[in-house]
Amino acid sequence: VFLNSLSKIKYPVQFSIDSRRVELSGEAYFEVAHSPDRPFIVETADLEIEVLGTTFNLNAYENSGRIVTTLVEGQVKVKSNDNQSVNRVLLPSDQAVFNIGKCSFEVKKVDVGLFTAWKDGEFVFRNERLEDIMAVLTRWYSADVFYMNPSVKELRFSGNINRYGKIEPILDIIQSTGKVKIDINKGTILFKEI
């Protein structure tokens, strides 16, 4: 298991005889050994993922309104904790986005590398909203963000960035696009559309 920033995993000292069950808050990348008699189960506040042996990424940060399961290889079954009839089986390159408020899934094929690059020390963004990019960056860099006008949140950016550097060079790259002006004031990053 690789844990992303601000993530927690709970597991027993010893797994039970019939299952391997863990609890996740945040984001983790799992590589699970095959054991047909002891399924591996990841629980979040709103979703349960059952695995027999596979590799997948699970993004279940609190207050995001969604849980994103991205399957790299193998097969997983995702199901809602509230409504066991709301469930899906994923195949490699499938991504299930569970909308917590609507208790519904959207499943689509994705480039899994975009969703697992964090474990290899990279941030990868492809045509992402500035607000979504900054949600990822502020988890890692512990910064506050303020948008001077709501439209700046919707600006879109792409890029691959080393995750182990400082945030200032990343902000310089964003500002160099000419779409936004950035000021840093006492630990708060201020964005203003040009």
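Select A45 to begin: in this predicted model, A45 sits in the loop between β4 and β5. Its relative accessibility is 72%, so A45 counts as exposed. Add R139 to the selection and draw a line from C-alpha to C-alpha; the line spans 19 Å, and the two residues are 94 apart in sequence.

**The whole protein**

Next, display the whole chain as a cartoon. The protein has 3 helices and 16 strands. Along the principal axes, its C-alpha atoms fill a box of roughly 60 × 30 × 25 Å. Of the 194 residues, 42% are buried. Where contacts join residues at least 6 apart in sequence, 45% of them are between residues at least 24 apart.

A surface representation may be switched on at this point. The exposed area of the protein is about 10,700 Å², and carbon and sulfur atoms account for 49% of it. Colouring by charge shows 24 positive and 26 negative side chains. The centres of these two sets are 3 Å apart.

**The largest nonpolar core**

Return to the cartoon and select F30, V42, I49, F56, L58 and V76. These residues have the most contacts inside the largest nonpolar core, which comprises 22 residues. Which strands each supply at least two residues of this core? They are β3 (20-31), β4 (40-43), β5 (47-51), β6 (55-60), β7 (66-73), β8 (76-80) and β10 (94-99). The largest share, 4 residues, is that of β3.

Centre the view on L58 and show its surroundings. Apart from neighbours within four places in sequence, L58 is in contact with L24, G26, E27, A28, F30, V42, T44, I49, I67, V68 and T69. Two of the residues selected above, F30 and F56, recur in a further feature: ring pairs link F30, F40 and F56 into a cluster.

**The second core and an aromatic pair**

Now select F123, L137, I161 and I182. They are among the 21 residues of a second, separate core.

Keep F123 and add Y141. In the protein as a whole there are 8 aromatic pairs, and F123 with Y141 is one of them. The ring centres are 6.3 Å apart and the planes meet at 45 degrees, a tilted arrangement. Which elements hold the two rings? F123 belongs to strand β12 (residues 122-129) and Y141 to helix α2 (residues 130-141), and 18 residues separate them along the chain.

Are these two residues buried or exposed? F123 has a relative accessible area of 4% and is therefore buried. Y141, at 18% relative accessibility, also counts as buried, because the term applies to residues under 20%.

**W118 and its surroundings**

Move to W118, in the loop between α1 (113-116) and β12. Although placed in a loop, W118 is buried, with a relative accessible area of 8%. Show the residues around W118: leaving out those up to four places away in sequence, W118 touches F2, L3, N4, E27, A28, Y29, N57 and R163. Two of these, E27 and A28, were also in contact with L58. For a distance across the model, select V42 together with W118: their C-alpha atoms are separated by 20 Å, and the residues are 76 apart along the chain.

**Two serines with positive phi**

Most residues other than glycine have a negative phi. The next two stops depart from that pattern.

Select S93 in the loop between β9 (87-90) and β10. Phi of S93 is positive, near 75 degrees. S93 is partly exposed, its relative accessible area being 28%.

Then select S142, in the loop between α2 and β13 (144-147). S142 has a positive phi of about 55 degrees. How accessible is S142? The relative accessible area is 66%, so S142 is exposed.

**Final stop: G165**

Finish at G165, which is found in the loop between β14 (156-162) and α3 (167-176). With a relative accessibility of 37%, G165 counts as partly exposed. Add G121 to the selection: the two glycines are 44 residues apart in sequence, and their C-alpha atoms are 9.9 Å apart in space.

Terms used:
Residues are numbered from 1 along each chain as its sequence is written. This is a predicted model: local features need pLDDT of at least 70, side-chain atom pairs count only at pLDDT 80 or more; totals for chains, interfaces and linings use all residues. Side-chain values use heavy atoms; hydrogens and water are left out. Buried means under 20% relative accessible area, exposed over 50%, partly exposed in between (1.4 Å probe, protein chains only). Contact means heavy atoms within 4.5 Å. Accessible areas come from the Shrake-Rupley method with a 1.4 Å probe; for residues, only the protein chains shown count as cover. Lys and Arg count as positive and Asp and Glu as negative; His and the chain ends are not counted. The place of a charge is taken as NZ of Lys, CZ of Arg, CG of Asp or CD of Glu. A nonpolar core is a set of buried Ala, Val, Leu, Ile, Met, Phe, Trp, Tyr and Cys residues joined through side-chain atoms within 4.5 Å. Rings of Phe, Tyr and Trp (its six-membered ring) pair if their centres lie within 6.5 Å; planes under 30 degrees apart count as stacked, over 60 as edge-to-face and the rest as tilted.
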